[in-house]
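Good morning. I will take a few minutes to go through one protein chain, starting with the overall picture and then moving to the details. Please have a look at it first.

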Amino acid sequence: VEACVLHGLKRRAAGFLRSNKIAALFMKVGKSFPLAEELCKKVQDLEQLIENARNQVQGIPENVRKMPKLPNLSPQAIKHLWIRTALFEKVLDKIVHYLVENSSKYYEKEALLMDPVDGPILASLLVGPCALEYTKMKTADHFWTDPSADELVQRHRIHSSHCRQESPTKRPALCIQKRHSSGSMDDRPSLSARDYVESLHQNSRATLLYGKNNVLVQPRDDMEAIPGYLSLHQTADIMALKWTPNQLMNGTVGDLD
């Protein structure tokens with residue numbers, strides 16, 4: 001986004017803040033666009049906090065040095081603080097849209113935002129990210145992992161029981177209920193296999209390339225083959241196969257080893 005917004009920017013639009021052209025551009029837009037003006041105040045307050053935190057750390061001896069709790073931002077986040085804050089405050093799309101509508105004031109003829117097609121497309125693409133709530137960011141040192149299959153099954157059962165007891169007005173889930181129960185603990189509504197396939201085998205890190213149900217796997221020579229769901233995934237580094245037995249996906253684990 002930063003590269004697109006700075007592409008073809010007029011020299012005088014950067015103003016006196018040549019070291020931070022994004023800040024200079026947003027501050028200039030803020031003079032005629034109230035949303036950008038509010039954003040500038042928030043980012044400048046945040047920059048002041050960061051500067052104060054740095055000064056505090058520099059004045060503390062090395063052996064007792066601790067980073068202040070606020071603000072806890074990585075160098076990469078600080079580098080792109082203006083774009084990041086505009087995104088979190090859900091005004092980035094509106095500011096870019098304003099730049100597109102007033103592009104002749106800020107950009108050269110060859111600039112991306114001056115293009116009658118590319119400029120509006122960029123503004124439109126930012127509407128989605130600006131509609132999200134960013135409560136926790138993924139970082140390179142904290143890889144997100146799937147919960148175990150058993151944990152997902154337990155979560156689903158707990159959630160389903162709460163929905164039935166506390167929210168009688170909610171639309172019930174589509175499931176097959178046993179009319180004549182024998183009274184055992186396993187006589188409960190059969191759980192949707194599709195839900196488990198989606199939760200067990202799809203996540204934000206991997207691309208699901210292929211999936212097939214009722215694939216037989218024989219864990220040991222003295223055991224019968226067990227049907228389950230097989231899927232092929234691709235991440236940035238590797239390809240991986242996953243297989244989950246049908247009994248586990250249906251929530252009826254029983255004596256499955």
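I will go from the whole chain to its core, then to the charged pairs, the strands and the surface.

Keep in mind throughout that this is a predicted model. The chain has 257 residues, and 28% of them are buried. Its secondary structure comes to 13 helices and three strands. The accessible surface is about 18100 Å², and carbon and sulfur atoms account for 54% of that. Among contacts with a separation of 6 or more, 55% are between residues 24 or more positions apart.

Now the core. In soluble globular proteins, nonpolar side chains tend to be buried together. Here, the largest nonpolar core has 33 residues. Which residues have the most contacts inside it? They are Leu25, Phe26, Leu92, Leu99 and Tyr107. The helices α3, α4, α6, α7 and α9 each supply at least two residues of this core. The largest share comes from α7, with six residues.

Let me take two of these helices in turn. Helix α3 covers residues 21–30, and seven of its ten residues are buried. Those seven are Ile22, Ala23, Ala24, Leu25, Phe26, Val29 and Gly30. So we find Leu25 and Phe26 again, both in the list of buried residues of α3 and among the residues with the most contacts in the core.

What does Phe26 touch, if we leave out residues up to four places away in sequence? The list is Ala36, Leu39, Cys40, Trp82, Ile83, Ala86, Leu92 and Ile95. Three of those names, Trp82, Ile83 and Ala86, bring us to the next helix, where they are among the buried residues of α6.

Helix α6 is mostly covered as well, with six of its eight residues buried. Besides the three just named, the buried residues of α6 include Leu81, Thr85 and Leu87.

Next, the loop between α6 and α7. One residue there is Lys90. Most residues other than glycine have a negative phi. Lys90 is not a glycine, yet has a positive phi of about 65°. The position is just after α6.

This loop also takes part in salt bridges. Side chains of opposite charge can pair when their charged atoms come close. How many salt bridges does the structure hold? There are three.

In one of them, the side chains of Glu89 and Lys42 meet, with 2.9 Å from N to O. Glu89 is in the loop between α6 and α7 and Lys42 is in helix α4, so this pair links parts of the chain 47 residues apart. Are these two residues buried or exposed? Neither label fits: Glu89 is partly exposed because its relative accessible area is 35%, and Lys42 is partly exposed at 43%.

Another salt bridge joins Glu133 and Lys90, at 2.7 Å from N to O. Glu133 lies in the loop between α10 and α11, while Lys90 is in the loop between α6 and α7, so the pair ties together parts 43 residues apart in sequence. Glu133 counts as exposed because its relative accessibility is 61%. Lys90, at 26%, counts as partly exposed.

The remaining pair to mention is Arg220 with Asp222, whose closest N and O atoms are 3.4 Å apart. Arg220 is partly exposed at 42%, and Asp222 is exposed at 64%.

Now the strands. Strand β2, residues 226–234, and strand β3, residues 239–245, run antiparallel and are joined by seven bridges. One example is Tyr229, whose bridge partner in β3 is Thr244. A hairpin of four residues connects β2 to β3.

Strand β1, residues 207–217, contains Asn214. Asn214 has a positive phi of about 55° and is not a glycine. Asn214 is also partly exposed, with a relative accessible area of 49%.

Last, the surface. Where on the chain do we find a nonpolar patch? Val117, Ile121 and Leu125 make one of about 290 Å². Val117 sits in the loop between α8 and α9, and is partly exposed with a relative accessible area of 48%.

To sum up: a nonpolar core of 33 residues, three salt bridges, and an antiparallel pair of strands, β2 and β3. That is all from me.

Definitions and conventions. Residues numbered from 1 in each chain as written. Predicted model: local features only at pLDDT ≥ 70, side-chain atom pairs only at ≥ 80, totals over all residues. Heavy atoms only, no water. Patch = residues over 30% accessible without salt bridge, like charges linked within 9 Å, V, L, I, M, F, W, Y side chains within 5 Å. Areas by Shrake-Rupley, 256 points an atom, 1.4 Å probe, with all protein chains shown as cover. Salt bridge = Lys/Arg side-chain N within 4 Å of Asp/Glu carboxyl O. Buried < 20%, exposed > 50% of the residue type's maximum accessible area, 1.4 Å probe, protein only. Contact = heavy atoms within 4.5 Å. Pairing = 2+ DSSP bridges. Core = buried A, V, L, I, M, F, W, Y, C linked by side-chain atoms within 4.5 Å.
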